[in-house]
Amino acid sequence: MANKSVWSDNRFWQRTATWVTGFAAVLLIWLTFDTSAMISMGTDEDLTNGVTKRVPGPTVINYKIEYLMNARRGHEIPVIGGQNAEGTSAFQEKEKFFGRDDWSEEEARAMLHLGKLGSQAKNCMDCHTLLGNGAYYAPDLTKAWLDPAWGPEGSLQAMTGKNTKEEAMAEFLQHPSQYPTHERMMPDLGITAEEAIGLVAFLKHMSSIDTNGFPRNFGKMKGAVHGK
Amino acid sequence: MASNTLNESKQLATWYFTFAAILFGAQLLFGLIAAIQFVMPGFLFEVLDFSIVRMLHINALVVWMVFAMFGSVYWLLPDETGIDTVGIKIGKLLYWIFVAAIAVVVLVFLFIQVGPADQTTIWFITEGREYIEAPRWADIGIVVVALGFVGNLFLTGMKGKQTGIVTVLMADMIAFAGLYLAGMFFTDNISVDQYWWWWVIHLWVEATWEVFVGAIAAYGLITMIGAHRKVVEMWLWIEVAMLFGSGILGMGHHYFWIGTPEYWWEIGALFSALEPLPLVAMFVHVLYDWGKTQGAEMNAEHTTEDNMKSVIKNKPAFTWFVLNAFGNFLGAGVWGFFHTLPQVNLYTHGTQFTSAHGHLSFFGAYATILVGMMYIAVQGKNNIKVMHNTKASIWAVSLITGGVMGMTVALTIAGYVQVLVSRAQMGATWAGYFDGQAGLWFSQGMDWRLIMGVVTFIGFLFLAKDLLTTGKNPVHER
């Protein structure tokens, strides 16, 4: 190495590596503080006061949830309790969940807790995707609560013989292999009635999370294949 | 590599490599079962369901790579530091604890599979979070073992000669062990859950593991072709700067859709788009520099037919290292960039496209170089001066590489169908999902993936045979 140039000096590159890494790490930590505040779970008070949170409180299960195009943001957003003049959540319109729309914060939190634990204890993520992450053997569950197939005229609700979306989902979760929806079936995972209610609460809550428009056009298109 | 008996550090390395190779086989077997289930959904239904098989497929992958990484460090430490590894007895004890813990976890995954929705399941059966399903007790065990390993590395590095390679490994491995802690808590908030979950997954495979590979590639270039340490280590530092500089904030590409704010779109897009740059740089530049200087000198010395000898001291390992340089660039770099911009990722996120990228990148970036290290260990263990390819070496590398490339292409095509039909056309519902899965090109993609999976597995059988027998083969120069 006859040329003593800084560009071929190991010390220079070692220091560069240290500084670059340190800078990136500090920036990531700083962004983590900012993001953590923005994704902390809301409360019942937020919902009653009309405060929009990216991750609403568990009592969001008492409200009607929709997924509607927002002109300002240019993609769909979760709309809770009906739409206001700006096209965002009005937090007004309630919706019965297992016969009630007045679940207390404690009750709702307990259901969500059970459901989240259940989602892990049954390895949901190793077939399905949640928020788009997981395995690709079964449908994405991010907005499963809003899937028209589980709605009043939906084939999945009809299949279970139940009258509401939540009861139909809970029934399916307890006896999935009795209700084959496809050649590829969901196995029986020993989900109890109580766990099923928790899992449905978890799914309804997940559908209210602001995912920046993922998945796009969810449930908006019918029969596009073969021009049906 | 003069002594007849391996020192204890290298002996421990061979234990790690052996268990890694066994788990590699297990990974491929579970992958084959999962591939069969895509084609014939009734296969082992409610006996060994896709969720369990797929979990074992990926966990076996992660664990065999960690084992081979630990093995690589124990192998190169005495060469780099010039001393015996400190605390090797504890290292050996931790090895057996690690192996035993994995056996228990696998048996529980296979035979208990799922549990009730309470904390006992999280602690003793499964944590149910993709890639890091290991129950909490095993998490704690993994941290203890990892800290023991980092302890061995640090004590040896501080006592012996601290080369650039050892310095990089020390910094990298402490981050590697520490990051695992980010995945060890439970929360009801799935956005917070996935935020920290990526700290383990992303900062392992797109930051600390990549830097680890850089260090191993540096060691390989020095041992196999006698490249100048100064040149190699300079490139290693440049690579560290580029990898951490892009990879740490490249994490943003996992934060597009999990409830996190929009600014991650720009951060994730920019930094993850830079991630491919370093992946091929060091290897190509070192070879280029080496060719101009040392290679030219050696060429001048060997002018007669007699002296026309290759300067590569381990042909099969070198082949795998070359595959690493390009496989890393292609699998992690090109296939990663395909879907890293949010505008594209909105549709590709969570499809077989991701799976295509996963297959080629883990193979290209990690499997290749770790198999290369196994060959270096076989060479060292058997006192071989120049190790040549056997027929089995060539069959192994050809079938495995061809098989993985084939799977990647098949999954990419299946992914396109899924993106276009399930996502763009049908809006991602349950019905839309199955419309995509029913597509002819999707199902053909799944058939080809299975066929190419079988090819890969046959390649693995050749690899296993070669690693076990080539050491005694008379073709090598001793």
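**Exercise 1. Classify A:Asn217 as buried or exposed.**

Solution. Count the C-beta neighbours inside 10 Å: A:Asn217 has 20. Apply the cut-offs: buried takes 20 or more other C-beta atoms within 10 Å, exposed 12 or fewer, partly exposed lies in between, with C-beta atoms placed from the backbone. A:Asn217 therefore counts as buried. Now the backbone: its phi is near 55 degrees, positive in a residue other than glycine. A:Asn217 sits in the segment after H6 of chain A.

The model is predicted: local features need pLDDT of at least 70, side-chain atom pairs count only at pLDDT 80 or more, and totals for chains, interfaces and linings use all residues. Residues are numbered from 1 along each chain as its sequence is written, while chains are lettered from A and ligands numbered from 1 in the order in which they are written.

**Exercise 2. Classify B:Tyr131 in the same way.**

Solution. B:Tyr131 has 19 other C-beta atoms within 10 Å, so it is partly exposed. Its phi is positive, about 75 degrees, although it is not a glycine. Locate it: B:Tyr131 is in the loop between helix H4 (119-124) and helix H5 (136-159) of chain B. Helices are DSSP runs (H or I, at least four residues), as are strands (E, at least two), numbered from the N terminus.

**Exercise 3. Check the span of helix H9 (residues 263-274) of chain B.**

Solution. Take 1.5 Å times one less than the number of residues. For 12 residues, the expected span is 16 Å. The end C-alpha atoms are 17 Å apart, which agrees. Buried residues of H9(B) include B:Trp264, B:Trp265 and B:Phe271.
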